[in-house]
Amino acid sequence: MTAANVAGLALALGFAALPARAGDITDQQLLNADQDAGNWLLHHKDYAAHRFSTLDQINAGNVKNLKVAWTLQLGGLEGGGIWTHGGLEGTPLAEDGILYVTDGWGSVYKIDTHGGEGKLLWKMDPKTDHDWAGAIACCGVDNRGVALWHNLVISHTLDGRLVATDKESGKIVWQRQVANPDKGEVVTGAPLVVKNLAITGVAGAEYGIRGWIAATDLTTQKEVWRTYTIPGKGEPGSDTWKDDHDAAAIGGGSTWVTGSYDPGTDTIYWGVGNPGPDWDSAYRPGDNLYTDSTLALDPATGKIKWHFQHTPNDAFDYDSVAENVLVDINGKHLALEADRNGVGYAVDRTNGQFVWAQPFVKQFTWTSGINPQTGKPMEYDPSKPVQTYNAAVTPTRENKVTMICPGNMGGKNWPPTAYNPNLHLWYIPVIESCNRITVEAMVPGKSFKPREFFTGGGPSDPVRITGSITAIDVATGKIAGKAETPYPMLGGILATPDLVMAGQPDGKVMALDAKSLAKLWEFNTGGGVSAPPMTFSVDGKQYIALLVGQGGAWDKWFIDGTPELKRIAPGSMLFVFGL
């Protein structure tokens with residue numbers, strides 16, 4: 001479906017929101033989502049992105065008795081474009097015993113969980129154009145979930161639409177085109193709803209897009225603002241693109257992970273991805289703002305309040321697209337970000353000033369360390385247009401073939417972290433990897449073609465890839481524990497008062513002690529897990545829900561680093577566990 005077709009369909013469907021009804025989700029409910037123990041109303045559980053639930057009926061003392069309560073087969077396994085199948089990376093939302101989940105193609109499922117079983121009430125299929133969108137979905141056919149607002153379920157499609165579905169009937173009320181697949185843009189992240197705005201991020205840095213974050217007014221269905229993550233000529237930050245061929249116009253900087261929000265300062269925090277081309281950093285001399293950065297934005301206008309950049313002139317594909325976790329501790333108001341470069345960062349979220357940094361991977365070779373005063377790599381030289389960091393391993397036009405650690409999949413990719421505010425522990429799903437990078441020099445005016453990869457080289461030869469769940473003490477910025485895993489952590493984490501829960505790509509779901517990280521329970525789902533668990537309660541009983549069905553790019557580009565995972569077949573299943 002082309003952009004013109006979708007625009008016409010949106011007009012045909014009409015733009016009137018449904019009238020308010022009893023039980024609608026209010027702005028106040030979303031603001032207080034962290035206090036609503038039985039529900040999971042926001043993508044990250046709360047606006048602060050803690051992914052922490054106070055539910056404790058399932059706990060360290062009885063989690064060994066956890067069993068499958070019920071399962072539900074979903075759809076979305078079809079392939080499209082360069083992908084053989086869809087995957088599941090979403091977080092279910094829970095409202096009064098009703099779950100809302102998505103498959104990789106953006107279909108939304110409403111499931112009634114009352115009575116200890118799952119009953120499908122409706123499925124909304126947005127009729128995503130599989131081949132058109134799948135051809136430019138860099139890293140898999142994925143959709144990470146929905147948002148709830150009043151009487152609507154708000155979701156995205158891979159081919160770039162924002163869709164509003166009536167909660168009761170499952171009928172599309174309105175939709176609008178937000179991203180443009182014609183030039184390599186797709187949408188995979190869950191929307192963030194703040195007040196009456198749905199905030200959308202975009203994927204496509206590997207296709208030479210110019211990244212952005214956009215806000216749609218849910219009452220008028222019109223765009224309120226669009227903030228580009230790559231500054232235009234003359235805008236603040238444009239002087240960090242020092243080339244003479246307008247590299248910024250195709251400079252990357254995608255924003256495909258859902259952000260967070262601080263109502264106290266009325267600020268949105270969003271991570272920005274890698275510059276393009278990924279590995280030919282000489283094509284784009286300069287620091288390349290605002291790539292590899294955390295942005296703080298005014299939700300009413302989209303104006304950038306401050307930024308903090310982690311890897312200037314990135315030559316490793318170490319984007320900073322991860323969620324920002326908002327933490328108040330010892331009088332400090334922090335934003336935490338676990339970066340693909342293998343470092344966890346804390347900055348003052350009121351002004352973006354650096355506080356601390358802590359590497360969380362074991363194999364860490366791209367720099368000799370992080371400057372404790374500035375938060376920049378030790379070798380960073382602002383006078384140099386092209387950064388080399390650890391010169392022996394930095395991919396450059398002179399050093400064309402090199403092995404980097406962590407690999408370009410990152411020390412932590414999109415899977416979300418979790419934070420236990422009682423223990424002050426921040427849990428990171430870690431990928432322990434190294435892989436070879438081969439640089440290809442891009443030629444201005446010749447190498448870039450719309451809807452084709454524009455990467456300046458590529459990865460190969462991943463060595464054995466493992467993982468861990470690593471806990472960082474936020475009070476000190478130091479590692480408090482590490483639970484090693486035989487495979488990379490590709491799905492994300494849930495925290496409860498005394499548990500940490502996660503799934504692995506071989507299909508095993510586990511519960512760890514929140515303090516010691518000792519394994520207390522494990523269950524094999526039989527399918528690869530690349531989605532985070534969540535928890536909710538209904539009829540007085542707590543459950544854990546998890547989507548199972550390996551998605552993403554792993555089996556295309558990284559499977560040789562985990563050869564046992566070649567046996568894992570595609571799937572599309574919702575698992576729900578209870579005592």
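This passage describes two sets of paired strands in a predicted model.

The first set centres on strand β27, which spans residues 466–473. Six of the eight residues of β27 are buried, that is, under 20% relative accessible area, so this strand is largely enclosed by the rest of the structure. Strand β24, comprising residues 425–432, pairs with β27 in the antiparallel sense through eight bridges, and within this pairing Leu425 has Asp473 of β27 as its bridge partner. Strand β27 also runs antiparallel to strand β28 (residues 478–485), to which it is joined by seven bridges. Asp473 takes part here as well, its bridge partner in β28 being Lys478. The two strands β27 and β28 form a hairpin in which four residues lie between them, and Gly477, located in the turn, has a positive phi of about 75°.

The second set is an open sheet of four strands, arranged in the order β1-β35-β34-β33 with antiparallel pairing. Strands β1 (67–73) and β33 (534–538) stand at the edges of this sheet, and because each has a single partner strand, one side of each is left without a neighbour in the sheet. On average, and with direction ignored, neighbouring strands of the sheet are turned by 30° against each other. At the β33 edge, five bridges join this strand to β34 (residues 541–548), and the two run antiparallel; Phe536 has Tyr543 of β34 as its bridge partner. In general, the strands of a sheet pair through backbone hydrogen bonds, in either a parallel or an antiparallel manner.

Conventions
Residues are numbered from 1 along each chain as its sequence is written. This is a predicted model: local features need pLDDT of at least 70, side-chain atom pairs count only at pLDDT 80 or more; totals for chains, interfaces and linings use all residues. Side-chain values use heavy atoms; hydrogens and water are left out. Buried means under 20% relative accessible area, exposed over 50%, partly exposed in between (1.4 Å probe, protein chains only). Two strands pair if DSSP finds at least two bridges between them. Axes are lines fitted to C-alpha atoms, for helices over the stretch in contact, and angles run from 0 to 180 degrees between N-to-C directions.
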